[in-house]
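Subject: Structure handover

Hello,

Here is the structure for you to work with. My notes on a pocket and a sheet follow it.

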Amino acid sequence: MPITIKSARELKLMEESGRILEAVHDELGKALRPGMSTLDIDRMGEEIIRSYGCIPSFLNYNGYPASICVSVNEEVVHGIPSKKRILREGDIVSLDAGVIYKGYHSDAARTYGIGEISKEAEQLIRVTRECFFEGIKYAKSGNHLFDISRAVARHAEKHGYGVVRDLCGHGIGTKLHEDPQIPNYEMERKGPLLKPGMTLAIEPMVNMGTWEVEWLDDDWTVVSKDHSLSAHYENTVVITDGDPKLLTLGVRQSKG
């Protein structure tokens with residue numbers, strides 16, 4: 001499928017979708033504490049999304065049974081919320097969520113520490129976030145898509161981390177996943193030329209150890225193959241004539 005260029009009207013709708021998703025993440029991030037179940041997080045997230053008159057993008061998407069992907073420690077993405085999975089002091093938890101506002105999706109992920117976490121875990125979370133901002137330095141009209149991929153990979157690998165290769169970012173709009181796919185590792189080719197109006201979900205997934213992953217028996221939860229900690233950071237981004245616009249991150253927080 002061709003990469004869609006969004007109109008000004010569509011971008012306005014996506015901007016509102018992104019603003020709402022940022023508010024969802026802000027509320028969830030403040031609520032996290034030891035003793036919560038991952039199902040508690042999912043229920044709270046769905047309630048917040050629906051309070052804005054929106055629909056959770058992930059609920060029943062290809063059969064996924066929840067509104068918020070909640071992935072703990074070595075879980076990379078797509079962790080299924082459960083009342084049996086309890087957050088404990090020192091855990092790290094990645095929350096991935098999407099919102100549908102008037103037919104338009106937004107998608108964003110954050111990784112949080114629960115209580116006091118190790119310095120190694122803190123660094124992994126920080127570097128994963130930095131990878132995103134290194135990538136979007138190249139998210140400008142006239143550059144190529146894989147310029148973003150290269151910058152993400154080099155920053156992670158500089159710190160000795162493994163960049164997940166089996167999963168990638170994606171285009172976004174009236175569908176949660178549109179073309180193009182956006183690898184987080186270095187590519188030999190340039191990839192598509194970036195043009196104003198493209199909307200992308202850029203999402204580094206970084207493991208403390210190997211880049212290799214495996215799927216659990218539920219066919220959803222992805223874990224690092226060596227069971228090292230994993231972090232995830234994602235925003236919905238619009239390519240413009242100048243700097244990219246971050247739809248799921250306010251100006252106050254968007255400095256890398």
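Which strands each supply at least two residues of the lining of the largest pocket? They are β7 (169-171) and β8 (178-182). Please keep in mind that this is a predicted model.

The pocket

The volume of the largest pocket is about 430 Å³. It is lined by 23 residues, and those closest to its centre are His78, Cys168, His170, His177 and Glu203. Strand β8 provides the largest share of the lining, three residues. Sorted by class, the lining holds 10 nonpolar residues, along with seven charged and six polar ones.

The sheet

Separately, I looked at an open sheet. Three strands make it up, in the order β6-β10-β13, and the pairing is antiparallel. The edges are taken by β6 (162-163) and β13 (230-232); each has a single partner strand, so one side of each has no neighbour in the sheet. As general background, strands of a sheet pair through backbone hydrogen bonds, in either a parallel or an antiparallel way.

Between β10 (residues 205-207) and β13 there are three bridges, in the antiparallel sense. One residue to look up here is Met205, whose bridge partner in β13 is His232. Helix α3 (residues 119-136) packs on this sheet and touches both β10 and β13. The direction of α3 makes about 40 degrees with that of β13.

If you set up a view of the pocket, the residues to label include His78, Cys168 and Glu203, which are among the closest to its centre.

Regards

Key. Residues numbered from 1 in each chain as written. Predicted model: local features only at pLDDT ≥ 70, side-chain atom pairs only at ≥ 80, totals over all residues. Heavy atoms only, no water. 1 Å grid on protein atoms, 1.4 Å probe; cavity = no way out; pocket = protein on both sides within 12 Å on 5 of 7 lines; lining within 4 Å. Points joined across faces, edges and corners; volume = space filled by probe spheres on them. Helix = DSSP H or I, 4+ residues; strand = E, 2+ residues; numbered from the N terminus. Nonpolar A, V, L, I, M, F, W, Y, C, P; charged D, E, K, R; others polar. Pairing = 2+ DSSP bridges. Contact = heavy atoms within 4.5 Å. Axes fitted to C-alpha atoms, helices over the stretch in contact; angles between N-to-C directions.
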